[in-house]
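Colleague: Please take me through the largest pocket in close-up. Keep it brisk.

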Amino acid sequence: MSNEELTHRTATTSDDHASAVASNLADTFSRDPQNPAVCVVDGWGLSVRVERGHLEIADGVGRHRRVRRYARATHGLARIVLIGAKGMVSLEALQWCAGVGIAVVILDPANGTVLSTSGKSAVDDGRIRRAQALAPGTDTGMAIARYLIGVKLAGQAQVASVELGAPAAADTIVRLAEQLADSASLEEIRQLEAAAANVYWNAWGSLSVQFTKRDAGKVPEHWKKFEGRRSAVNPGSARSATEPVNALLNYSYRLVEGEGRLATMSLGLDPGLGVLHADMRNRDGFVLDLIEACRPIADRHVARLIKGYTFGRMDFGEDSRGVVRVLPPISHRLAEAMPSFGVVLAPCVEHVMSLLGEASPYDMSTPSLLTRSKHKEAARRRADVPGTEGSRGRGPN
C-alpha cells in the first residue's frame, strides 16, 4: 500500500470516528428519557443551581448542550444522577432538592462508583443501630442472611426462567434456595449462594451482544459473548470488566448500591455495619448486604437491554488494559432505572429492619417509610370502620 493510500485510509477512519462521536453526543443530549423521574446530568461544565425559584440544570459536551428547568410543584423528579466530569452543584440547589424530596446521587464518571448521595435520615433511633451492630453471629444475623439470599435466589430463578429461557437452571436454583432454611452457618449459606451462582451465570452464556453491521467488525470478538462473571485482567473477580455484559452488570450494581445507601440512611441504619459482609474501611458493608436481594432486578434490566438493543462501538470505552466501561447514552438508560431498583429494594430493607427491631431488648416498632405499608393498612382499617369518612356510601343497596 502506498503512502497516499495509507494516508487516505487513515483520514477516512478518522472522519468515521469523528462522525460516530458526534452522532453519539447528539443522541445522548437530545433523547427523551425513558423515565422522566430521573434527570441524568453528564458532560463538562455541569451546573445545578436555583434560578428564579426554579431548579436549573445545564449539561452537555461542546455544542451539544441542554438546559432543563423544574418548578417545585410540578418537577416530577425522584432522582438527579450526576455522572459528568466537571461542574458545580450549589448549596441552594441541594436545599431545593431536599425540600421537595429529590435524592441527588453523584457517580464517578470513570467507573460508576457511588461518590455521594444526598439522602437524609427520617428516623434516628440508636436502638436499631445497636441491634444492627450486635446482629452478626446471632440468630438474628442468620435470619437476615437467609432472607436476603433467599430473595436473591428467587430473583435469579425468575430471571433464568423468563429472561434467559433456562427453566432447568431455574429449577436447580429453586431447590438450592429451599435448603437455606436448614443452613446452620453463614458459610453454608454462602456455599448455597455460590452453587446457585454457578448455575445462574452459566445460563447467561445463551446471550449474545448484537452490534450494528457498521461496527460488528470493529469490536473484539470477546465483546460479543458472555463467558462468566470474571475479568481477563483481574482474575478471581468480576470487577474490571473486559467485555460489555459484565460492564453493564457492574454499572447497574453500582446504581443499586446508590439506592441501597439512600434507603439505609432514610431509615437511620448504619451503612457500614454489615451482616453478610465483614466490616472494612471505606466499604458500606450493610448496603452491600441489602443489595444482594436486588441484584436480580438489575440483571433483568440488563438482560432485556441486551436482547432488545443493537449496540454501537461508541457505546463502550476501553482503556489501555482492556477494561471496558459503559458510555452515554447507555449509561443514562441504566441510570434511569434507579427508582425501579429502589421500589424492589424498599420492602427488603424494611423487613431487615423489622428483624432487627424484634431482636432489640426494647419494646419498639419499626416504620415503613419506604413502602408506606403501615400507612396504607391504617387507611384501609379506617375505611372499614362504620361511620368514618372512608366508609361513607357503603350502605346497603
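Modeller: Here is that pocket, followed by one strand on its wall.

This is a predicted model: local features need pLDDT of at least 70, side-chain atom pairs count only at pLDDT 80 or more, and totals for chains, interfaces and linings use all residues. Numbering starts from 1 along each chain as its sequence is written, and side-chain values use heavy atoms, without hydrogens or water.

The largest pocket has a volume of about 1,300 Å³ (the space filled by probe spheres set on grid points joined across faces, edges and corners). A pocket is an open set of points on a 1 Å grid over the protein atoms alone, where a 1.4 Å probe fits, with protein on both sides within 12 Å along at least five of seven lines. Its lining counts 37 residues (those with an atom within 4 Å of a point). Nearest the centre lie Arg229, Arg239, Tyr253, Leu288 and Arg295.

Two or more lining residues come from each of β8, α4 (139-163), α6 (186-203), α8 (244-266), α9 (285-291) and α10 (295-308). Helices (H or I, at least four residues) and strands (E, at least two) are DSSP runs, numbered from the N terminus. The top contributor is α6, with 7 residues. By class, the lining has 15 charged residues (Asp, Glu, Lys, Arg), 10 nonpolar (Ala, Val, Leu, Ile, Met, Phe, Trp, Tyr, Cys, Pro) and 12 polar (the others, Gly among them).

Now β8, which spans residues 114-117 and includes threonine 117. Threonine 117 has 13% relative accessibility, so it counts as buried (under 20%). Beyond its neighbours within four places in sequence, threonine 117 contacts (heavy atoms within 4.5 Å) Val104, Val105, Gly258, Arg261, Leu262 and Met265.

Technical notes
Buried means under 20% relative accessible area, exposed over 50%, partly exposed in between (1.4 Å probe, protein chains only).
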